[in-house]
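The following explanation leads through a protein model by way of its helices, its cysteines and its aromatic rings. Please keep the sequence and the coordinates at hand while reading.

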Amino acid sequence: MRLPAGDLKEIAKQFLADRNFVIVGSLSVEDRCCAVPERLFSNKCRAIELLEINDPPDAFPDYSELAGLKMAKNRKRLKEAGIVFQNQAVELLASEDKLLDLLANWEKSSLSPTIILDITSLPKRYFCFIIKRLLLSPCFPNVIATYTQTGPNGYTPQHLAEDPMTCDHLPGYSAPLPPKGSTLVVSVGFESLSISSLLGVYRDMKKDTKVILSFPSNRESIRREWNTVRQMALGDARNIKRENIEVIPAWDAEQVYHTLKRWQEDSDGLTLAPFGPKPHSLGMALFAIKYDAGLYYTQPRSYNPDYSKGQAESSAYVVKWGGIACFDRQMKLP
């Protein structure tokens, strides 16, 4: 696989200097949802479509009022910066048919064959599905995913998300029938989100559970990730073997892909649980698309409006170019 990736400014210089493009992202409660529109807006940017993704009305805790105020603040920030965009309110738990309708509308109204998908503040059930459909769509031969890191103050020390649903596959990523996919791989984040129900199935099958951790991390991030691992292991370290743990930089989607490919060679197929950083989830989604693996998640229904603070660098990943998906590419791009 060839996945050109790096700082957004450098990727834009190499791939966007001589072409028009459109941006799709999220107008969310996070400061960093504005970073990519601000950094890429120019006369070459033909359109910006931002989704306002709302928690269900019966989610608990109910953060809708504060979330609305924070979204309005970011909407004002973009408008005062002179950035022209469209925003559309959608439901967090939108059905697969409604997600397909979004894609159909973008294809119908597209002003450019090059699309920038900013996954920074998009929930995984949205961006994993959108990535898959964009890779399959002939309307967008060029697809770049972007992700912006938090500022120095990072994430809230409170729960990032709560009120998780029962474990189910993400839209578009149902698992193949057993016995294929009987080895579980979990990308670990700050929240376990009731993953124990999925882990229990694999323990009953007497299969190893493999874990991907992220680095570099500060002391608090390391503590939160290992708390999640302890919950997964039910307090017994013997439930997770050291040789089944891989530590990968939080930004390195391609290394996640290659790690999964290596683990698959020693198994009868993988089922993936993307609970970790968004770039790790991107690597998992790309692997799942190529090898028909299932992506399972316990979708939280309530997101903390203080999820993260500030913004830092933006990274970019060229997941499709010239109609060729990154996992089918053998040659390096310029």
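A residue is called buried under 20% relative accessible area, exposed over 50%, and partly exposed in between, with a 1.4 Å probe and protein chains only. The model is predicted, and local features need pLDDT of at least 70, side-chain atom pairs count only at pLDDT 80 or more, and totals for chains, interfaces and linings use all residues. Residues are numbered from 1 along each chain as its sequence is written, and side-chain values use heavy atoms, with hydrogens and water left out.

Helices (H or I, at least four residues) and strands (E, at least two) are DSSP runs, numbered from the N terminus. Helix H3 covers residues 64-80, 17 residues in total, and reaches 24 Å from its first C-alpha to its last, close to the 24 Å expected at 1.5 Å a residue; the expected span is 1.5 Å times one less than the number of residues. The buried residues of H3 are Ala67, Met71, Asn74 and Leu78. Seen down the helix axis, these residues fall within an arc of 60 degrees, so they line one face of H3, the arc being that of the directions from the helix axis to the C-beta atoms. An α-helix has 3.6 residues a turn, so residues three or four places apart point the same way. The face of H3 turned away from the buried side carries the exposed residues Glu65, Leu69, Lys73, Lys76, Lys79 and Glu80. What covers the buried residues of H3 includes H2 and strand S3 (45-54), where contact means heavy atoms within 4.5 Å. After the helix comes Gly82, whose phi is positive, near 80 degrees.

Two of the buried residues of H3 reappear around Ser28, which is found in the loop between strand S2 (21-26) and helix H2 (35-40). Ser28 touches Cys33, Lys70, Met71, Asn74 and Ser121, not counting residues up to four places away in sequence. Ser28 is itself buried, with a relative accessible area of 8%. Its side chain reaches the backbone nitrogen of Glu30 at 3.0 Å, a polar contact being a pair of N or O atoms within 3.5 Å; within protein, one must be able to donate a hydrogen and the other to accept it, and residues adjacent in sequence count only if both atoms are side-chain atoms.

Helix H5 (residues 124-136) has 13 residues and reaches 18 Å between its first and last C-alpha, close to the 18 Å expected. Of these 13 residues, 10 are buried, so H5 is largely enclosed by the rest of the structure. Among the buried residues are Lys124, Arg125 and Cys128. These three residues are in contact with Leu170, as are Pro274, Leu295 and Tyr297, leaving aside neighbours within four places in sequence. Leu170 lies in the loop between strand S8 (168-169) and strand S9 (183-187) and is buried at 3% relative accessibility. The C-alpha atoms of Leu170 and Gln299 are separated by 8.6 Å, although the two residues are 129 residues apart along the chain.

Cys128 counts as buried at 0% relative accessibility. Its sulfur is 13 Å from the closest cysteine sulfur, in Cys326, too far for a bond. A disulfide is a pair of cysteine sulfur atoms within 2.5 Å, and the count by this rule comes to 0 disulfides. Cys139 is likewise in no disulfide, the nearest cysteine sulfur, that of Cys45, being 19 Å away. Cys139 is partly exposed, with a relative accessible area of 35%.

The aromatic rings come last. Rings of Phe, Tyr and Trp (its six-membered ring) pair if their centres lie within 6.5 Å; planes under 30 degrees apart count as stacked, over 60 as edge-to-face and the rest as tilted. A search of the whole structure finds 8 aromatic pairs. In one of them, the rings of Tyr155 and Tyr307 have centres 5.9 Å apart and planes at 75 degrees, so the pair is edge-to-face. Tyr155 lies in the loop between strand S6 (142-148) and strand S7 (161-164), and Tyr307 in the loop between strand S14 (300-303) and S15, so the pair ties together parts that are 152 residues apart in sequence. Tyr155 is partly exposed, with a relative accessible area of 25%, whereas Tyr307 is buried at 19%. Both belong to one aromatic cluster with Phe190 and Tyr303.
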